[in-house]
Amino acid sequence: MRVIECSTRDEAAELVAGEILRALQAKPDLVLGLATGSTPVGVYERLVAAHCAGDADFSEVRTFNLDEYVGLSALHPQSYRTFMREHLFGSIQIQDHNVRFPPVDGFDLRAACEQYERAIVDAGGIDIQLLGIGSNGHIGFNEPTSSLASRTRVKTLTDKTLGDNARFYKEGEMQPELATTMGIGTILEAKRILLQSFGEKKADAIHAAVEGPISSFWPASALQLHPDTAIYVDAGSAARLTMRDYYRRVERNERGMSS
Ligand code: PGA
């Protein structure tokens, strides 16, 4: 697990977007696992800018989103389908049939979740998975105590997550308590994982994910089992890490070796 401390969110977004764009150059039909929330917005802005400048072609890219709320229509302002349309898909000329979200309605959700897993395998697996992290350590909507072997399924959101996301809902507006999410086992099968975390509110979660024991109580700690994960943090999210100097030294040496 590499920990890359950045001086600003913009620096992290620049590095992550740069990595995605390089991967896209090498593989035009790249398979991306995508996240929502405030964290990945800077990355999406840079992907859109690269597309508008004629530097990135998304026409063959396939995407799988991490999660979606059960009970919101695709057009609801808070649905993740709306979020992705507004922040990325509406601006990069991606093909509709190459965009997938976890199933949130229909007669047999369990079967539809299995189909989502099969679609990922049929696409050849996820090349790069983008992640944020919840202040309770969740990745996707894999809340604390989620099985580390879990697959795509419906989860009940914790009070902590509902509280963190309440800011997006108007007073009295229905906030969904259920979401379909890729499982931790699904996420761990991505070839490369790029997690970003900003702000001191996430410092405990980052500390537990990077330096704590592997535990379903801090779902992001499962990433310690993944062979190719990079964690981009700002100073706020890095505040509780005990080996910050070491991580900086590792990055200096990595840069030295690749230059
Ligand atoms: P945020 O959410 O990017 O809005 O902080 C991250 C998450 O809950 O996974």
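User: Where does helix 4 lie, and at what angle does it run to strand 3?
Analyst: Helix 4 (residues 109–122) lies across strand 3 (62–65) and strand 5, and runs at about 145° to strand 3. Axes are lines fitted to C-alpha atoms, for helices over the stretch in contact, and angles run from 0 to 180 degrees between N-to-C directions. Helices (H or I, at least four residues) and strands (E, at least two) are DSSP runs, numbered from the N terminus.

User: What kind of model is this, and how are residues numbered?
Analyst: It is a predicted model, where local features need pLDDT of at least 70, side-chain atom pairs count only at pLDDT 80 or more, and totals for chains, interfaces and linings use all residues. Residues are numbered from 1 along each chain as its sequence is written, and side-chain values use heavy atoms, leaving out hydrogens and water.

User: OK, the sheet. What is the strand order?
Analyst: Seven strands, in the order 1-10-9-6-2-3-5, form an open sheet with parallel pairing. Two strands pair if DSSP finds at least two bridges between them. Strand 1 (2–5) and strand 5 (99–100) are the edges, each pairing on one side only.

User: How many bridges join strand 6 to strand 9?
Analyst: Four, and the two strands run parallel. I128 stands opposite R192 in strand 9. Strand 2 and strand 6 also pair in the parallel sense, over two bridges.

User: And strand 9 with strand 10, how many bridges there?
Analyst: Five, again in the parallel sense, between residues 192–197 and residues 229–233. I193 has T229 in strand 10 as its bridge partner. Helix 7 (residues 203–211) packs on the sheet there, touching strand 1, strand 9 and strand 10. Its direction makes about 155° with that of strand 10.

User: Which residues of strand 6 are buried?
Analyst: I128 and L130 on one side, Q129 and L131 on the other. Both faces of strand 6 are covered. Buried means under 20% relative accessible area, exposed over 50%, partly exposed in between (1.4 Å probe, protein chains only).

User: Q196 in strand 9: buried or exposed?
Analyst: Buried, because its relative accessible area is 2%. Leaving out residues up to four places away in sequence, Q196 touches ten residues' worth of neighbours listed here: A12, A13, V16, T39, P40, V43, L131, G132, I133 and Y232. Contact means heavy atoms within 4.5 Å.

User: What does V43 touch?
Analyst: Beyond its neighbours within four places in sequence, V43 is in contact with A13, V16, A17, I20, L130 and Q196.

User: Which members of the largest nonpolar core touch the most others?
Analyst: I20, V43, Y44, L88 and F89, out of 43 residues. A nonpolar core is a set of buried Ala, Val, Leu, Ile, Met, Phe, Trp, Tyr and Cys residues joined through side-chain atoms within 4.5 Å. Helix 1 gives the largest share, seven residues.

User: How do helix 2 and helix 3 cross?
Analyst: Their axes come within 10 Å and cross at roughly 45°. The two helices are therefore oblique to each other. Angles under 35 degrees count as roughly parallel, over 145 as roughly antiparallel, 65 to 115 as roughly perpendicular and the rest as oblique. V41, Y44 and V48 in helix 2 meet F83, M84 and H87 in helix 3.

User: Last topic. What is phi at Q93?
Analyst: Near 50°, a positive value in a residue other than glycine. Q93 sits in the loop between helix 3 and strand 5, and is exposed at 63% relative accessible area.
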